[in-house]
Amino acid sequence: MNTKKLFLLTLAVLLQSSILMAETIRGKVLDASTGEEMVGVTVLLKGSTDSWAVTGLDGSFSIDVKVQGGTLVCNLIGYKDVEVNFTDAAQELRISMEPDVEMLETVVVSATGGGRTEVAARNIERNSVNVVNVMSAKAMELSPDITVANVIKRMSGVTVERNSSGEGQYAILRGMDKRYNYTLVNGVKIPSPDNKNRFVPLDIFPSEILDRIEVTKSLTADMEGDGIGGAVNLVMKDAPERMEITANLSTGYSALFLDRDFQTFNHRAIQKLSPNERMGRPELHNENYSVSADDFTMENLRMSQGRPRPDIVGGFSYGDRYFGGKLGVVAAFSYQNLFRGKDASLYYIPGSSGKGTENRWYSEEQNRMGAHAKLDYRISNRHKLMLYAGYMDLQETEVRDGSNDQERTVRMKWNHQYIFNTTLKGEHSFLRGDRLKLDWTGVFSKAYSTTPDNAYIYINGNHLYNTDSADRRWEHNSDRDIAGYVNLSYRFDFANSSELNLQAGGMYRDKIRNSFFNEYTFDSPTGIYDLQIYGEDWTNFDELLLEPRRYGNVGDPLNYDAFERIGAAYLMGTYDWDRLEVIAGLRVEHTDQGYTLVFPRQTDGEGHQVYTDLLPSVHLKYNVHRNAFLRLSYGRSINRPGFFEIVPYTILNEDYDEQGNPDLKHTTADNIDLRYEFFPKSSEQFMVGLFWKKLYDPIEYGLISEGQATFLTPMNFGDATNAGVEVDVMKYFNWFGVKANYTYTHSAITTTKRTMQGNEVITVSQTRPLYGQAAHVANLSLLFKFARAGVEAQVSGSYTGRRLSEISNWVDNDIWEAGYVQLDASLEKGFKCGVTLYAKANNLLDIPVLRYIVNNPRTENLKDYERYRGGVIERREWHGQSLMIGLRYSFKEK
């Protein structure tokens, strides 16, 4: 072949190749009904198997094609398939998809989820009139956390209070202690398993059974009024429009136990009832209730140690609709078996004599189970019935082994708590255009907690203490609620395209609570001249000889019964005109709260408080420009005393005595919120808000003197303020997203403290922040979504600033927790078959929690202690990293 022919052939091949070179088709997919960008839509070149893409976090896509024209097919469950022709790759396509709405025997069925996606969560926030933050099921799924208590700390303005093993347990909203907020399940308040208070531990809830978490920070008149900090609503999964099946199984390990053993004990041998209970509580009948060593088992005190088993987490859910879509069914089950712990070094314990650093090793096995079922029946397009039943169960087995230069104290504790809730609800519409609406709810709930044979063993050097050798305690309590709710609304439509919705309703709840407490102190029967020496007389705690004191503490004030009856009614109006929406309402709540002591002890054994509160509220929402809103809210709210706080009890302690306060008043508060919100795209947002709270008669613990005695007691301390600013940002690009929030909070309350004046102890007033409130709280999450590869990842960092950890009786002697940073990450890879491989890593930096006491006259002369910012370090705590890997399967019927 000559040179000319070779050149022409080469040119022809190049021209043909240029024609067949891949062009890039770019575009965005929008929801036709809202105009918002859609995430996760599959866009496929018709007739091809390898030219496809999935829309990114901003709804965009790009596909490389080797044809100059063709048809794209767009598919997403819950939307109708769309086919779009293209001829030119130069112009970006804008594709609209219609929601898949079906007419099922006059029943309108929409195939969109309530709050499972980020888009749905943002829509709830945008459409709400009051101040609300929402976390979607998808966000929880990708989160490195697996319990509600740990997930919720990533929401704006929320911090958590940890339990003894360092895991999140209670929510603190806007710096307000856990007592100032309440917890709902599907919009209904649930009881608490706590033996003294009404707040609910969130670590009992596995996050995977939730549809979303709603944190309401300003209350409307149709909400219960005892939420000065706000309300946490856990919305469980609803029945889908088509069959859905999900399952997951994962395993993991805590790095804390790579370097040390996990300690446990024979908790299955625990006697669930105290000796006093097994005898039928004879003291109630003036009969002999003395005990001996034969009334106690020692088997449960046998301790063992070794490497723990790997963590196991599993879950399953099923949902579908039957009878032409009228009956919806969803059931979900979750199980977690986790091994957690912490290492703590206590350098300085206020009020104790120096015995060197006390090192504590915590080992805790958590068995957490959640199950719920939801049925809804659509009688017609105007009438619907729903039945919900949920059961949350948590069992914790914990060993705390602590020792210093002279002593060793071992605690072996097993706790079982559960919450059961069942709700029947009806929704009804009447008249043309559904102008008249009625909904009603009936609720039965029960919470229970038991800690049988909580044992403390006290070792002095190498032998058991001769006296006060051990304590063994039995506690259990229950909290039962029966409640009913009813709401009626009527809508007026006016000629100027405005409307007024008038709503009225009420509720009544009857609560019964009981609490049981028995404690026994043991001495060594061998005497001071025949000590029980470790290694010679015993090598495990079940081999000890322990002699109980005959009568024990069976008449403690924690043996009480309590009741609470709350009735409420409200009237509320919602006016919607053009860009303005206004809600104004008045709520009236009547409270009758009381108690009966089983053993009065020279005091009135019965008492109750009765009061009525008027709680007005006003919420304004103005659409300042496209997708942007300005909200202004005012509301009055209350906080009731804890059940045990108004009981006239007296408990003797080492440093001071503790006393109840039957005259304790409930707290009232005025709350103001101002927030600007901008939703540039369907899953994006920018929010900045200001809040201010004025508390009247806030409840804090302070000191009172009666004669020569000083008591720590719950008291009302004048007024307190709490104010701050919140910023919340979510921004997504095609494959990258940022979530960030920051909250600044300032609070002030004045309480009584003790101080030295010469050689005398006097009582003075001191102003401090509210307990548990951090001035600075920030969260930052970086999200990565490589749609074509099916990979999503998240790196999350959180910062909680300095906060008050424990309140001292002495001026400037409070214990503070220093600012704390935590870094977590998650990664998941999805496959077309519905299987997802994922990994979650927590506490990657393992920065210790540091607590300290600011420099004051009681600590300034301490020379041999490490200091932090001039103050004495009280302790450090390490929780260790944890890693979990697993598989998730999801099937959705098309």
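How many bridges pair strand β2 with β3, and in which sense? Three bridges join β2 (residues 42-45) to β3, and the pairing is antiparallel. The model behind this report is predicted.

## Overall build

The protein chain holds five helices and 52 strands. Its C-alpha atoms fill a box of roughly 115 × 80 × 55 Å along the principal axes. The radius of gyration is 31 Å. A compact globule with 894 residues would have a value near 29 Å, so the two agree.

Buried residues make up 55% of the 894 residues. Among contacts with a separation of 6 or more, 70% come from residues 24 or more positions apart.

## A four-stranded open sheet

Strands β2 and β3 belong to an open sheet of four strands. The order is β3-β2-β5-β6, and the pairing is antiparallel. The edges are β3 (52-54) and β6 (82-86). Each has a single partner strand, so one side of each lacks a neighbour in the sheet. From one strand to the next, the twist averages 20 degrees.

One residue pair marks the register of β2 on β3: Val43 stands opposite Ala53.

## Nonpolar cores

In soluble globular proteins, nonpolar side chains tend to be buried together. Here the largest nonpolar core has 31 residues. Those with the most contacts inside it are Ile152, Phe205, Leu210, Ile213, Leu234 and Met236. Several elements give two or more residues to this core. The helices are α3 (137-142) and α4 (148-151). The strands are β11 (158-162), β12 (168-173), β15 (210-216), β16 (230-236) and β23 (383-403). Another core, of 25 residues, lies apart from it. Its members include Phe296, Val410, Phe516 and Trp538.

What does Met236 touch, beyond residues up to four places away in sequence? The list is Val185, Asn186, Phe205, Ile209, Leu210, Asp211, His372, Lys374, Tyr388 and Met392. Two of these, Phe205 and Leu210, are also named among the core residues with the most contacts.

## Strand β16

β16 is mostly covered, with seven of its seven residues buried. Gly230, Val232, Leu234 and Met236 point one way from the strand. Ala231, Asn233 and Val235 point the other way. Both sets are buried.

Two strands are joined to β16 by bridges. β13 (residues 181-185) runs parallel to β16, with five bridges. In that pairing, Tyr182 stands opposite Ala231. β15 runs antiparallel to β16, with six bridges. There, Glu214 has Asn233 as its bridge partner.

## Salt bridges

Side chains of opposite charge can pair when their charged atoms come close. The structure holds 68 salt bridges. One of them joins the side chains of Glu224 and Lys189 at 3.3 Å, N to O. Glu224 lies in the loop between β15 and β16, and Lys189 lies in strand β14 (residues 188-189). The pair therefore ties together parts that are 35 residues apart in sequence. The cut-off for a buried residue is under 20% relative accessible area. Glu224, at 6% relative accessibility, therefore counts as buried. Lys189, at 10%, counts as buried too. Both residues also sit in a network of salt bridges that links Lys189, Glu224, Asp226, Arg509, Arg587, Glu589 and Arg640.

Which parts of the chain does the pair of Lys342 and Glu877 link? Lys342 is in strand β21 (residues 327-346) and Glu877 is in strand β51 (residues 871-878), 535 residues apart. Their side chains meet in a salt bridge at 3.1 Å, N to O. Lys342 and Glu877 are buried.

A further salt bridge joins the side chains of Glu358 and Arg360 at 2.8 Å, N to O. Glu358 has 12% relative accessibility, so it counts as buried. Arg360 is buried as well, with a relative accessible area of 13%.

Notes
Residues are numbered from 1 along each chain as its sequence is written. Side-chain values use heavy atoms; hydrogens and water are left out. Two strands pair if DSSP finds at least two bridges between them. Axes are lines fitted to C-alpha atoms, for helices over the stretch in contact, and angles run from 0 to 180 degrees between N-to-C directions. A nonpolar core is a set of buried Ala, Val, Leu, Ile, Met, Phe, Trp, Tyr and Cys residues joined through side-chain atoms within 4.5 Å. Buried means under 20% relative accessible area, exposed over 50%, partly exposed in between (1.4 Å probe, protein chains only). Contact means heavy atoms within 4.5 Å. A salt bridge is a side-chain nitrogen of Lys or Arg within 4 Å of a carboxyl oxygen of Asp or Glu. The radius of gyration is taken over C-alpha atoms; the globule rule is 2.2 Å times the number of residues to the power 0.38.
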